[in-house]
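Reader: I am new to this structure and would like to go through it with you. Could you begin with a term I shall need?

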Amino acid sequence: MIVMDLVLPALNGLDATRRILSEWPLTHIIALSGCHTSEHVHRALRAGARGYVTKTSAGSDLVAAIKAVIAGDRYISAGIIPVTVEALGNRSSPTRSCEHLSEREFAVLRLLVAGLSSTQIARQLSYRPNPSTRIVIG
């Protein structure tokens, strides 16, 4: 059983989930995230997570998720935008454009979601812009 944070320093949690399950397919993974949208839930489930718990949930919610996943069920935290039963089982649903980002683009997106400014992101990713290059985010 792994409780996987979806925002990791070097590798995003979805890629880590896929890699773990490709090596150890019987592993049960519960995604842990600060995001509350059905898109985030769908992406985690498509990656192979069996549960999805928000970071704002009580500890008892995580315990309930672990028990449900061990019992062979899926678990989604209460308070998340409704996810249909069909969507939970549908792994062939169309992918979103963010799933086609390069590793570098995804790193920028991950840092934006974490609340870093464009200057902080540039520093963290060791980006040295051309003085005549203009960076616009948003």
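Author: Certainly. Two residues are in contact when they have heavy atoms within 4.5 Å of each other. Please note as well that the model is predicted.

Reader: What share of the contacts between residues at least 6 apart in sequence join residues at least 24 apart?
Author: In the protein chain, 47% of those contacts do so.

Reader: And how many helices and strands are there?
Author: The protein chain contains six helices and four strands. Along the sequence their pattern is β-α-β-α-β-α-β-α-α-α.

Reader: Is helix 2 largely enclosed or not?
Author: Helix 2, residues 38-47, is largely enclosed by the rest of the structure, because eight of its 10 residues are buried. Those buried residues are E39, V41, H42, R43, A44, L45, R46 and A47.

Reader: Which residue follows helix 2?
Author: G48 follows helix 2, and its phi is positive, near 120 degrees.

Reader: Let us turn to strand 3. Which residues lie on each side of it?
Author: In strand 3, residues 51-54, G51 and V53 are on one side, while Y52 and T54 are on the other. All four are buried, and both faces of the strand are thus covered. In general, the side chains of a regular strand alternate between the two faces of the sheet.

Reader: Does strand 3 run parallel or antiparallel to strand 2?
Author: Strand 2 (residues 29-33) and strand 3 run parallel and are joined by four bridges. L32 has V53 in strand 3 as its bridge partner. From strand 2 the chain passes through helix 2 to strand 3, and this β-α-β crossover is right-handed.

Reader: What about strand 4; how many bridges join it to strand 3?
Author: Two bridges join strand 3 to strand 4, residues 75-76, and these strands also run parallel. Y52 stands opposite I76 of strand 4.

Reader: Is the unit formed with helix 3 right-handed or left-handed?
Author: The β-α-β unit of strand 3, helix 3 (residues 59-70) and strand 4 is left-handed.

Reader: A new topic, then. Which residues make up the largest nonpolar core?
Author: That core has 10 residues: L6, L14, A31, V41, A44, L45, A47, A49, Y52 and I80. Helix 2 gives the most to this core, with four residues.

Reader: Which residues does I80 contact, apart from its neighbours within four places in sequence?
Author: I80 is in contact with H36, T37, V41, Y52 and T54. There is also a second, separate core of six residues, among them I30, V53, A68 and Y75.

Technical notes. Residues numbered from 1 in each chain as written. Predicted model: local features only at pLDDT ≥ 70, side-chain atom pairs only at ≥ 80, totals over all residues. Heavy atoms only, no water. Buried < 20%, exposed > 50% of the residue type's maximum accessible area, 1.4 Å probe, protein only. Pairing = 2+ DSSP bridges. Right-handed = clockwise from strand over helix to strand, strands pointing away. Core = buried A, V, L, I, M, F, W, Y, C linked by side-chain atoms within 4.5 Å.
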